[in-house]
Amino acid sequence: YVLQKFTRAVMGTNSVDHCSRLCHAPSVTALMEQVGSGATSNSYEDYDNAGTLLVVGSDTSQNHPVVASRLRKAVESDGAKLVVVNPIRIDLADIAEVFLQPRPGTDVALFNAMAHVILDEDLWDHDFVEARTEEFEAWREAVEEATPEEAERVSGVPAEEIRRAARLYARPHRNGSCLIWGMGVTQHSMGTDNARALVNLALLCGQVGKFGSGISPLRGQNNVQGCSDSGCLPNTFP
C-alpha cells in the first residue's frame, strides 16, 4: 500500500503493477460480471467438507501444496469425490474419480457440455437459478447445441466421462461441490470465456453460498489478492 501510494502521490505515475493483472485478470473480470466480487467465495474448511471437488487447469500440488494436501485428505480420509480437468496428468489425477484431458483451448466446449448434461438430466438447482440469476433462458439456449458428443469431437474427452463429471459436480453425495481453477484456463486468449463458463456451472447447480461449496480461483503467487486489494494495479485504486 505504501509503495503504490508513494509511486502515485510523490512520483506522479500509475506505473506500479503486479502479477494479478495477467494471472487471474480473466477470472476477476468474469467474477465481477457474474457475482459482483473478484475473490474466492469460500474457505479451506469448505474444501474439507465438500462432496465433490472439481479442479480445473491447476497443477495444485506444485503451485498450492497446502491446498493440495487438504484436497488429498478430503478424498482419501473423508470420502470426497475428485474430478480433475487438465491436458497434462497432474499428481491429483492419481486419486481422481474422473480425470478429463481436453485438448488445449477447448475448455468452453467441455464446460458447456457439462452444463448441457446437467440441464438435460434435470440436475440443476431450480430454486437458486430462479432466485439468484438473470438471463437464464438466453444462456440455456446457447448451450443447447453443446452436447457431450460434440464436445468429444472438439476436445477429445469421451462423452460418457463428461456425463460422469457433470453428475458428480451437480449432485454431490454430501454438502456441496467446490469448483477450483488455476491459470491453466485463464492465460488464454479465451481466458475470460473459460472463467465465465465455469462460474455458470456453479450458478446452474447452486454450488455457491452454502457449506461445502464455492467458487475458487487459485492465485498464482502468495498474496495476489492482498496486492489487488491494496491498490497495486495501475488502473485500480485501493
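Biologist: What share of the contacts in the protein chain with a separation of 6 or more comes from residues 24 or more positions apart?
Modeller: The share is 75%. This is a predicted model, and a contact here requires heavy atoms within 4.5 Å.

Biologist: What makes the size of the protein chain agree with a compact globule?
Modeller: A compact globule of 238 residues would have a radius of gyration near 18 Å, and the protein chain has 18 Å, so the two agree. Along the principal axes, the C-alpha atoms fill a box of roughly 60 × 40 × 35 Å.

Biologist: What is the protein chain built from, in helices and strands?
Modeller: The chain contains 13 helices and 5 strands. Of its 238 residues, 49% are buried. Its accessible surface is about 11,200 Å², and carbon and sulfur atoms supply 49% of that surface.

Biologist: Why is strand β2 called largely enclosed?
Modeller: Buried means under 20% relative accessible area. In β2, residues 81-85, 4 of the 5 residues are buried, so the rest of the structure largely encloses this strand.

Biologist: How do you know that β2 pairs with β1 and with β3?
Modeller: Two strands pair if there are at least two bridges between them. Strand β1 (residues 52-56) is joined to β2 by 5 bridges, and β2 is joined to β3 (residues 98-100) by 3 bridges, so both cases satisfy the rule. β1 and β2 run parallel, as do β2 and β3. One of the bridges sets Leu53 against Leu82 in β2. Another sets Val85 against Leu100 in β3.

Biologist: What makes β4 and β5 a pair?
Modeller: The cut-off is at least two bridges. Strand β4 (residues 177-181) and β5 have 4 bridges in the parallel sense, so they count as paired. Ile180 stands opposite Ser216 in β5.

Biologist: Which way do the residues of strand β5 point?
Modeller: Gly214 and Ser216 point one way, while Ile215 and Pro217 point the other way. In a regular strand the side chains alternate between the two faces of the sheet. All four of these β5 residues are buried.

Biologist: Why is Asn194 called buried?
Modeller: The limit is under 20%. Asn194 has a relative accessible area of 1%, so it is buried. Asn194 lies in helix α12 (residues 191-205). Not counting residues up to four places away in sequence, Asn194 touches Asp107, Val108, Phe111, Val185 and His188.

Biologist: What makes Ala109 partly exposed?
Modeller: Partly exposed covers values between the buried limit of 20% and the exposed limit of 50%. Ala109 has 25% relative accessibility, so it belongs to that class. Ala109 is part of helix α7 (residues 107-120). Leaving aside neighbours within four places in sequence, Ala109 is in contact with Ala151 and Val154. Ala109 and Val16 are 93 residues apart in sequence, and their C-alpha atoms are 37 Å apart in space.

Biologist: What is notable about phi in Asp122 and in Asn175?
Modeller: Most residues other than glycine have a negative phi. Phi is near 55 degrees in Asp122, a positive value. For Asn175, phi is near 45 degrees, also positive. Asp122 is in the loop between α7 and α8 (126-132), and Asn175 is in the loop between α11 (159-170) and β4.

Biologist: Which exposure class holds Asp122 and Asn175?
Modeller: The exposed class requires over 50%, and the buried class under 20%. Asp122 has a relative accessible area of 43%, so it is partly exposed. Asn175 has 43%, so it is partly exposed too.

Key:
Residues are numbered from 1 along each chain as its sequence is written. This is a predicted model: local features need pLDDT of at least 70, side-chain atom pairs count only at pLDDT 80 or more; totals for chains, interfaces and linings use all residues. Side-chain values use heavy atoms; hydrogens and water are left out. Helices (H or I, at least four residues) and strands (E, at least two) are DSSP runs, numbered from the N terminus. The radius of gyration is taken over C-alpha atoms; the globule rule is 2.2 Å times the number of residues to the power 0.38. Buried means under 20% relative accessible area, exposed over 50%, partly exposed in between (1.4 Å probe, protein chains only). Accessible areas come from the Shrake-Rupley method with a 1.4 Å probe; for residues, only the protein chains shown count as cover.
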